[in-house]
Amino acid sequence: MSEHYLKTLLAMSLLLFMGCEQPAEGTDSTLTKTEAPTKPVAKAPVLDAPSSVDVRDWEPKGDPIQAVLTSPPEVPPPIDRDYPAKVIVEFEVVEKKMPISEGVEYTFWTFGGSVPGQFIRVRQGDTIEFHLKNHPDNKMPHNIDLHAATGPGGGASSSFTAPGKQTQFTFKALNAGLYVYHCATAPVGMHVANGMYGLILVEPPEGLPKVDREYYVMQGEFYTVGKYREEGDQPFDMQKAIEENATYVLFNGSEGALVGDNAITAKTGETVRLFVGNGGPNLISSFHVIGEIFDHVYQEGGTRAQTNVQTTIVPAGGAAITEFAVEIPGTYILVDHALFRAFNKGALGMLKVEGDERKDIYSGKQIDANYIGDKDPTLSDGVVEKARSTGASKDDRAAAGKVLYQGTCSTCHQVNGIGIKGVFPPLAKSDYLNADPDRAIQIVINGLTGPINVNGEPYNSVMPPMSQLNDDEIANILTYVYSTWGNKGADVTKAQVAKVRSTTKRPPGAAH
């Protein structure tokens, strides 16, 4: 796991509790300016007064137009014509191996080579000629169901396409709104779970109100045989999918798709529009931007706006449009507010905002303590990479273990290992810990409930199973703990953890 990625997780976790520390100032022509420290209000949305015109008999004008298609998080430019056209959309299905997390590969099935698939933008009344091509190297037949299409299967019945073949069908975009598309070839859930979904925007004839930034964000869950962040090539797990036990819940198909250098951006005083989708196939998204309130939300991709929304529900196979003005500089965290999905399954993104401070809106403050998720990336570059290299020294592995300990364990056992008297036992100079490293491994994997005695003191609390940690992470944490605070210096190895994991009975909740 790279130092850069750890820094990203630290920033996201801190911001969850701190908000955005740096205030901002300024608005632009798309906002209503105010002198008081009240929030600027975005321009009234056109979609609150949707067109009632009947477009069923409209005929396309002019020459056919080749659709501009974009991969996430980019969005094609707004429609700048005032007439219906024939729009040609060409999709190629590509089955390809890509990273789903750092060090983890997954074979995605894609529309256009990305997850989600390419964004389609058309105008209400347009006639869409859709071409679906299935690459000859693919192994599976595919089709497409566009929720924007009126007709059997949304096009699925007309687009079943074998590898090395191509199909074509045409539909008219009758209804304005933001719609999901997905593969509907049996087993449908498996095709969707492998990444075959995306969004199509049908603009009303009068267009959408102008904003400064538009981005494409789509959630989906993935079901792998291996546990979360287990390295290597991970295949699809049908049983997990049936049980709706997602290994990953992600924005835009990978854990790093919208963080760090891949974050979306804006400037203070600008308005931002997010086209948000949920491919599913199973879970409902509780979409939230930490530190922002949505000025407008077009729920379920429709054309009526709700205002001043904190968190919006996006159903599986559904979408929403969110709009908000940004006044304060800093990094805003996009999450599924089902928070174990965010911090333990990957549903995190970042919006980085630059600009001047506005202390009349947000002063900034100090906090008493930091919650940092499961990482503390404050050490020097290369610490974690050294620990993962073949033949890494005990010192290198202990240093990497410190990174993990200070996020995963320090909240209860404290940064200095002294614990909390009567509540959480000490790890420093711990007779219980030093007596049996294998028992310590088993506790980390499976958790511990019930009374124990540590250094002559009774403790009776609950430690949950740390099933999000893989074998080398557990080994590194324990090597750090045993090498610190007067403990006996045991060198815990990845192989030792794997052996204990394979021979211990894990209770319900230990998951992996």
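Glu255 and Arg229 form a salt bridge, with their closest N and O atoms 3.1 Å apart. Glu255 sits in the loop between strand 14 (248-251) and strand 15 (264-267), and Arg229 in the loop between strand 12 (213-222) and strand 13 (232-233), so the pair ties together parts 26 residues apart in sequence. The model is a predicted one. Both ends of this bridge lie under the 20% limit for burial. Glu255 has a relative accessible area of 5% and is therefore buried. Arg229 is also buried, with a relative accessible area of 5%.

This pair belongs to a count of 18 salt bridges. Another joins the side chains of Glu203 and Arg121, at 2.6 Å from N to O. Glu203 belongs to strand 11 (residues 197-203) and Arg121 to strand 6 (residues 120-123), so this bridge ties together parts that are 82 residues apart in sequence. Glu203 and Arg121 are both buried.

Now turn to Arg273. Its side chain meets that of Glu323 in a salt bridge, 2.8 Å from N to O. Arg273 is part of strand 16 (residues 271-280), while Glu323 is part of strand 21 (residues 318-325), so the link ties together parts that are 50 residues apart in sequence. Arg273 is buried, as is Glu323. Shared partners then extend the picture: Arg121, Glu203, Glu214, Arg273 and Glu323 are joined by salt bridges into one network.

The nonpolar side chains come next. In soluble globular proteins, such side chains tend to be buried together. Here the largest nonpolar core holds 83 residues. Within this core, Phe130, Leu146, Leu274 and Phe287 touch the most other members. Strand 4 (residues 86-101) supplies the largest share, with 6 residues. A second core is separate and has 24 residues, including Leu404, Leu469, Val481 and Val492.

Leu274 deserves a look of its own. Beyond residues up to four places away in sequence, Leu274 touches Tyr215, Ile264, Phe287, Val289, Ala320, Ile321, Thr322, Phe324 and Leu334. One of these contacts, Ile264, leads on to a sheet. Ile264 stands opposite Leu351 in strand 23. Strand 23 (residues 348-354) runs parallel to strand 15, and 4 bridges join the two.

What is the order of the strands in this open sheet? Its 5 strands follow the order 15-23-22-17-20, with mixed pairing. Strand 15 and strand 20 (311-314) stand at the edges with a single partner strand each, so one side of each is left without a neighbour in the sheet. On average, neighbouring strands of this sheet are turned by 20 degrees against each other, direction ignored.

A last stop is His191, in helix 2 (residues 188-193). Is His191 buried or exposed? His191 counts as buried because its relative accessibility is 0%. Which residues is His191 in contact with, leaving aside neighbours within four places in sequence? They are Trp109, Met140, Pro141, His142, Cys183, Thr185, Ala186 and Met196.

Note on methods:
Residues numbered from 1 in each chain as written. Predicted model: local features only at pLDDT ≥ 70, side-chain atom pairs only at ≥ 80, totals over all residues. Heavy atoms only, no water. Salt bridge = Lys/Arg side-chain N within 4 Å of Asp/Glu carboxyl O. Helix = DSSP H or I, 4+ residues; strand = E, 2+ residues; numbered from the N terminus. Buried < 20%, exposed > 50% of the residue type's maximum accessible area, 1.4 Å probe, protein only. Contact = heavy atoms within 4.5 Å. Core = buried A, V, L, I, M, F, W, Y, C linked by side-chain atoms within 4.5 Å. Pairing = 2+ DSSP bridges. Axes fitted to C-alpha atoms, helices over the stretch in contact; angles between N-to-C directions.
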